[in-house]
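Here are my notes on the structure you asked about. Have a look at it first, then read through the points below.

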Amino acid sequence: MIDPDTLARIDSLQLRYARALDTRNLAAWAECFGEAGRYICIARENVDQDLPLAIMMDDSRARITDRVTYVTEVWAGTFEDYQTRHFVQRIDCVPRGTDVFAVESNFLVAYTTTRGRSEILVAGTYEDEIETGRGEARFRAKKAILDTVTTPRYLVYPV
Amino acid sequence: MIDPDTLARIDSLQLRYARALDTRNLAAWAECFGEAGRYICIARENVDQDLPLAIMMDDSRARITDRVTYVTEVWAGTFEDYQTRHFVQRIDCVPRGTDVFAVESNFLVAYTTTRGRSEILVAGTYEDEIETGRGEARFRAKKAILDTVTTPRYLVYPV
Amino acid sequence: MIDPDTLARIDSLQLRYARALDTRNLAAWAECFGEAGRYICIARENVDQDLPLAIMMDDSRARITDRVTYVTEVWAGTFEDYQTRHFVQRIDCVPRGTDVFAVESNFLVAYTTTRGRSEILVAGTYEDEIETGRGEARFRAKKAILDTVTTPRYLVYPV
């Protein structure tokens, strides 16, 4: 049984993460990762078949920082912007050594289409490794596995 | 850090609110507001551009009571009814003086179309001021900010 | 006021249930029910009109076990498979005698269509009777009431 305070800190990280993306604050998104943080966004199809091809693969903190630059500086103005709204539900949480937890969550991301309607952008699960050691909890690794095979639009922002 | 009991009372208010709307119990909806309660439902477009035009603007408890009368007596039988299903996720909670909290939440409202399918009606954020002073928590102010620009049907019920 | 530990065990059951279905582990689904467990999946239309016609009606643990056999052995390979993603939000929880609780929740199930998009499969409420007596909490009765009248595809898996 994990103590309620640790769970609260873990949930709080997930909500900071959701908020960072929903407010398109990419710097705050990067801050959710620890120094050795990794981010992967991949289709469940590929996970199931053990294929490594990912939609986004930031396997170091430096690449996470690069992604912030791409989205906010390099790509800025070249893509059709969109507003997301994340919902996250923790399904499982298992200790993995001192102050590290393997956390699985369901997620659903709604977005507003250019026609002004809200639809589901992607749904799936997060498989995360979360450090709760010093200060705020952070991701050591975050893997967003998409049920959705064909997203209704291309993804610019992380999920 | 806000104590777990206060957070539980705040969350409980949000669920009472959701349940009131999902059961189309407008009187119970009005009861979620304190004596000086205000309710605003507005598009994010307008908030971002600082335009005051709102979809619903009940800037006093009397107007909230009026809305109950409109929906349940004046408009009754004149609109195509619909069933909603609200989901709310608290994202932030900050104290604003004694027994008052500024609470931000993500929401998603599913509804059943006349063709019998379930779709997203609206998604967005609640920016609320919640009083936890005496008895049950209540809204001093509730602002529903819709990401959705063009709702798939006209809104009769508050969000 | 129900103690936080009991609520945590109740919520944990709902998440085990969601996970069992989302991973298509029907045996784990059946394990969520107690010895005298019952499962009903019914349209709200019928509940409102007091019509007993249900989409699924497993009124004993034996029928629940039968459903596992149907889905995993009898029907296997004869239906177009689909991936669900459940979201559950507890709305109400009331004691019903020693170690038994009547629990109401909102649910939304997203699924991935054959075209690879994620949409809402069904939304509605769970009306459950949950036993928290020995070991893990289990369902004495689970009733899934669907707002959705016309599901976008036929339901193979329980909701």
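**Notes on chains A and C**

1. Let's start where the two chains meet. About 1,600 Å² is buried between chain C and chain A, and carbon and sulfur atoms give 53% of that area. Keep in mind that this is a predicted model.

2. Who does much of the burying on the chain C side? Look for Arg19(C), Arg85(C) and Phe87(C). Together they supply 35% of the area that chain C buries against chain A, more than any other three residues. Counted by contacts, 19 residues of chain C touch 21 residues of chain A.

3. Now for chain A by itself. You should find 4 helices and 6 strands in chain A. Trace the chain along its sequence and the order reads α-α-β-α-β-α-β-β-β-β.

4. Is chain A compact or not? A compact globule of 159 residues would have a radius of gyration near 15 Å, and chain A has 15 Å, so the two agree. Along its principal axes, the C-alpha trace of chain A spans about 45 × 30 × 30 Å.

5. On packing, 54% of the 159 residues of chain A count as buried, with under 20% relative accessible area as the cut-off. Of the contacts in chain A with a separation of 6 or more, 59% come from residues 24 or more positions apart.

6. Last, the surface and the charges. Chain A exposes about 7,200 Å², and carbon and sulfur atoms supply 48% of it. Chain A also carries 20 positive and 25 negative charges, and the mean positions of these two sets are 3 Å apart.

Terms used:
Residues are numbered from 1 along each chain as its sequence is written. Chains are lettered from A and ligands numbered from 1 in the order in which they are written. This is a predicted model: local features need pLDDT of at least 70, side-chain atom pairs count only at pLDDT 80 or more; totals for chains, interfaces and linings use all residues. Side-chain values use heavy atoms; hydrogens and water are left out. Helices (H or I, at least four residues) and strands (E, at least two) are DSSP runs, numbered from the N terminus. The radius of gyration is taken over C-alpha atoms; the globule rule is 2.2 Å times the number of residues to the power 0.38. Buried means under 20% relative accessible area, exposed over 50%, partly exposed in between (1.4 Å probe, protein chains only). Contact means heavy atoms within 4.5 Å. Accessible areas come from the Shrake-Rupley method with a 1.4 Å probe; for residues, only the protein chains shown count as cover. Lys and Arg count as positive and Asp and Glu as negative; His and the chain ends are not counted. The place of a charge is taken as NZ of Lys, CZ of Arg, CG of Asp or CD of Glu. Buried area is the accessible area (1.4 Å probe) that two parts lose on being put together, summed over both.
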